[in-house]
Amino acid sequence: MEWLCNLILGSGVAHSILVVAIVIALGVILGKFKIFGISLGMTWILFVGIIVSHFGISIDSTTMAFVKDFGLILFVFSLGLQVGPGFFASFKKGGVRLNTLALGLVLLSGIVTVIIHSITGVEMPTMVGVMSGAVTNTPGLGAAQQAYYEASGVMDSTIPAGYAVAYPLGVVGVILTLLGIRALF
C-alpha cells in the first residue's frame, strides 16, 4: 500500500508519468463536451495542466524536460502529416496570398509585442511567451524557450508563464471573434 501512496503523492518518475497521464485523460474527456455547440477539444489538456499546476502539483524536472520535448516533437510531426500533403498543392489555390497574410500576421504580432514591451516595461522574454500564447503558437513557445536557453544558459520561467496566461484568452478570443463574424454576416 505504501507504493500506491508514493505513486500518488511522491515525486519520482512514476509519479510524474501518472500526473501527465491524468492531465491528458481529463483534458481529452473535457474536450468531448460542447458548450453552445463549441468544443475546445485538445485545448482542455493545456487548461487542465494549468489548473493542476495551480494547486502545486509538480513533476520531476528530468521527466518534464523529456515530456516537453517529446510532446512538441509529436505535435509538430502530426501537424506535418496532416498539413504536409496539401501544402504545395495549396500554392495553386491562393496559397501564396494566404502564406503572405500569415507572414504579415507574424510580423504584426512581433511589432505589437515590442510596442507593448516598450510601453509597459514587461521583460521581453515574458512578452515573447505572451505573444506565443496570444496567437496559440505552441511550437513558437518551444523555440523561444530553446533560443533563450542557448543565449543565456538558463531557463526563464516567465516565458511559459506568459504563454499560460495568454493562451486561454487567445483561444476564447478567436472563438468569440468567429462567432461574432458569423452572426454579423
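This is a short presentation on the helices, nonpolar cores, aromatic pairs and surface patch of one protein model.

Good morning, colleagues. Please keep in mind that the model is predicted. The protein has 185 residues, of which 19% count as buried. Its secondary structure comprises 8 helices and 0 strands. The C-alpha trace spans about 60 × 40 × 35 Å along the principal axes. Among contacts with a separation of 6 or more, 54% join residues 24 or more positions apart.

I turn to the interior. Which residues make up the largest nonpolar core? There are 7 of them: F47, L141, A144, I159, Y163, Y167 and V171. Helices α7 (138-152) and α8 (158-184) each contribute at least two residues to this core, and α8 provides the largest share, with 4 residues. Another core, of 6 residues, lies apart from it and includes V23, V48, V52 and I59. Returning to I159, and leaving aside residues up to four places away in sequence, its contacts are P125, G129, L141, A144, Q145 and Y148.

The aromatic residues come next. The count comes to 4 aromatic pairs. One of them, F66 with F70, is stacked, at 5.4 Å centre to centre and 10° between the planes. Both residues lie in helix α4, 4 residues apart, about one turn of the helix. Are these rings buried or exposed? F66 is exposed, at 54% relative accessible area, while F70 is partly exposed, at 41%.

The pair of Y163 and Y167 has its ring centres 5.3 Å apart; because the planes stand at 40°, this pair is classed as tilted. Y163 and Y167 are likewise 4 residues apart, here in helix α8, a separation of about one helical turn. Y163 has a relative accessible area of 5% and is therefore buried, the limit being under 20%. Y167, at 11%, also counts as buried. Ring pairs link W44, F47, Y163 and Y167 into a cluster. Of these, F47, Y163 and Y167 belong to the largest nonpolar core.

Finally, the surface. The protein exposes about 12900 Å², and carbon and sulfur atoms supply 75% of that area. A nonpolar patch is formed there by F75, V76, L79, V83, F87, F88, F91 and V96, with about 720 Å² of accessible area together. Which helix gives the most to this patch? Helix α4 (residues 61-87) does, with 5 residues. One residue of α4 is F75, which is partly exposed at 38% relative accessibility.

Thank you for your attention.

Note on methods: Residues numbered from 1 in each chain as written. Predicted model: local features only at pLDDT ≥ 70, side-chain atom pairs only at ≥ 80, totals over all residues. Heavy atoms only, no water. Patch = residues over 30% accessible without salt bridge, like charges linked within 9 Å, V, L, I, M, F, W, Y side chains within 5 Å. Areas by Shrake-Rupley, 256 points an atom, 1.4 Å probe, with all protein chains shown as cover. Salt bridge = Lys/Arg side-chain N within 4 Å of Asp/Glu carboxyl O. Buried < 20%, exposed > 50% of the residue type's maximum accessible area, 1.4 Å probe, protein only. Core = buried A, V, L, I, M, F, W, Y, C linked by side-chain atoms within 4.5 Å. Contact = heavy atoms within 4.5 Å. Phe/Tyr/Trp six-rings, centres within 6.5 Å; stacked < 30°, edge-to-face > 60°.
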